[in-house]
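User: I am new to this structure and would be grateful for a close look at a single part of it. Please describe that part in detail and then place it in its surroundings.

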Amino acid sequence: MFDQTLIRVCLILGSFITAGYILRRVRHAKVQIEDTIFWLMFSAALLILAIFPGIAYWAANLLGFMSPINFVYVVIIFLLLAKQFFMSIKLSQLDSKVRILTEQVALNEEKAERDKLDL
Amino acid sequence: MSKLLIVIPAHNEEANIVQVVEELTRSYPQYDYVVVNDGSRDKTAALCRAHGYRLIDLPVNLGLAGAFQTGLRFAAENGYDCAMQMDADGQHKPEYIAPMLAALEEGNDIVIGSRFLTVKKPKTLRMLGSYIISWSIRLTTGRAICDPTSGMRMFNRAMVEEFAQNLNYGPEPDTISYLIKNGATVKEVQVEMGERLAGQSYLTFWRSVQYMVKMSISILLIQWFRKRDTETPYPERSL
């Protein structure tokens with residue numbers, strides 16, 4: 001079941017790879033720091049679940065899951081869904097910003113051309 | 001005297017901006033300033049135009065970091081020797097610009113207008129965040145920064161260029177801690193700050209908590225992994 005070492009080792013590996021990759025991106029200034037916080041917390045959550053399997057056993061028992069690993073899945077799915085939700089909102093905001101910027105650039109261009117013609 | 005640019009980022013500050021700029025230009029006409037309107041939804045930009053203030057009007061909201069970076073790019077492109085941030089809500093008093101400039105000319109890279117250098121920091125819930133950030137900086141750099149969250153900061157030419165060109169150089173305490181670690185000299189100068197003149201502060205309780213978590217993780221963990229690259233110009237780095 002969940003106390004199989006393989007699953008725990010996989011979780012720990014996944015956690016370290018996530019953190020390592022995101023910190024490498026920070027090192028080379030390829031990502032903004034505020035966007036890394038989620039992934040660092042996500043990898044911390046994986047690490048905690050792997051190191052203390054008691055949490056998964058306790059929560060699975062409390063919520064009536066068949067197997068503790070299901071609780072781990074639920075946590076991961078929940079975190080990713082929440083991230084997806086906030087990314088959707090952010091994407092929508094970015095989309096509208098790009099639209100406003102494009103309109104602005106085009107309007108400026110038109111104004112510059114009109115001024116040139118008037119001269 | 002060094003040529004100083006005062007950057008005034010303004011987001012929805014129609015109630016304060018006129019009073020702040022008027023006080024600055026009336027009492028201290030020797031300093032140059034620029035208002036960066038950060039996509040305000042109110043009449044901030046219109047008021048600046050009506051009064052003939054020097055204005056950079058961002059068409060979309062970028063947040064404080066983006067607005068301030070715009071000001072610093074302006075400073076870098078127009079040959080200013082140093083630049084400082086001044087809030088548009090009237091908390092930062094222009095009479096402290098001269099002592100801060102003097103401290104910068106002693107050879108410091110960054111000068112912070114600090115509320116708590118000679119004054120004891122009050123032990124209130126509001127200041128808890130400031131204490132935590134101070135401790136984090138102390139722990140990771142060994143330097144005591146009494147008022148890390150003060151927005152009244154002055155930068156020399158090298159810092160202006162670095163801030164203007166790079167990613168992850170927000171005007172926040174984590175950048176300060178990172179720069180101290182990389183050998184920048186930071187000095188604090190005692191200043192007094194007023195309450196905001198009018199309007200609502202952006203920092204609600206929940207936003208303050210989020211800010212604190214972000215700053216703590218950033219200072220204690222992330223800043224260790226950053227690599228300083230001041231050689232490659234920004235356009236040559238791809239995201």
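Analyst: In helix H6 (residues 157-165) of chain B, the buried residues are Met159(B), Val160(B), Glu162(B), Phe163(B) and Ala164(B). A residue is called buried if 20 or more other C-beta atoms lie within 10 Å of its own, exposed if 12 or fewer, and partly exposed in between, with C-beta atoms placed from the backbone. Helices (H or I, at least four residues) and strands (E, at least two) are DSSP runs, numbered from the N terminus. This is a predicted model, in which local features need pLDDT of at least 70 and side-chain atom pairs count only at pLDDT 80 or more, while totals for chains, interfaces and linings use all residues. Residues are numbered from 1 along each chain as its sequence is written, and chains are lettered from A and ligands numbered from 1 in the order in which they are written.

The buried residues of H6(B) pack against helix H3 (63-77) and against three strands of chain B, namely E4 (82-85), E5 (110-114) and E6 (153-156). Contact here requires C-beta atoms, placed from the backbone, to lie within 7 Å.

These three strands belong to an open sheet of seven strands in chain B, with the order E3-E2-E1-E4-E6-E5-E7 and mixed pairing. Its edge strands, each pairing on one side only, are E3 (55-58) and E7 (186-190) of chain B. Two strands pair if DSSP finds at least two bridges between them. Strand E2 (residues 32-38) of chain B runs parallel to E3(B), and four bridges join the two; Val36(B) has Ile56(B) as its bridge partner in E3(B).

Val160(B) of the helix is also among the residues with the most contacts inside the largest nonpolar core, which has 52 residues. Such a core is a set of buried Ala, Val, Leu, Ile, Met, Phe, Trp, Tyr and Cys residues joined through C-beta atoms within 7 Å. In soluble globular proteins, nonpolar side chains tend to be buried together. Strand E1 (residues 4-10) of chain B supplies the largest share of this core, six residues. Val7(B), another residue with the most contacts inside the core, touches Val34(B), Val36(B), Ala83(B) and Met84(B), among others, not counting residues up to four places away in sequence.

Finally, a UniProt record, in an unreviewed entry, places the feature "domain: Glycosyltransferase 2-like" at residues 6-162 of chain B. Positions are given in the numbering used here, feature names are shortened, and annotations may be inferred rather than shown by experiment. That span is 42% helix and 18% strand, and its end C-alpha atoms lie 17 Å apart.

Definitions and conventions:
Contact = placed C-beta atoms within 7 Å.
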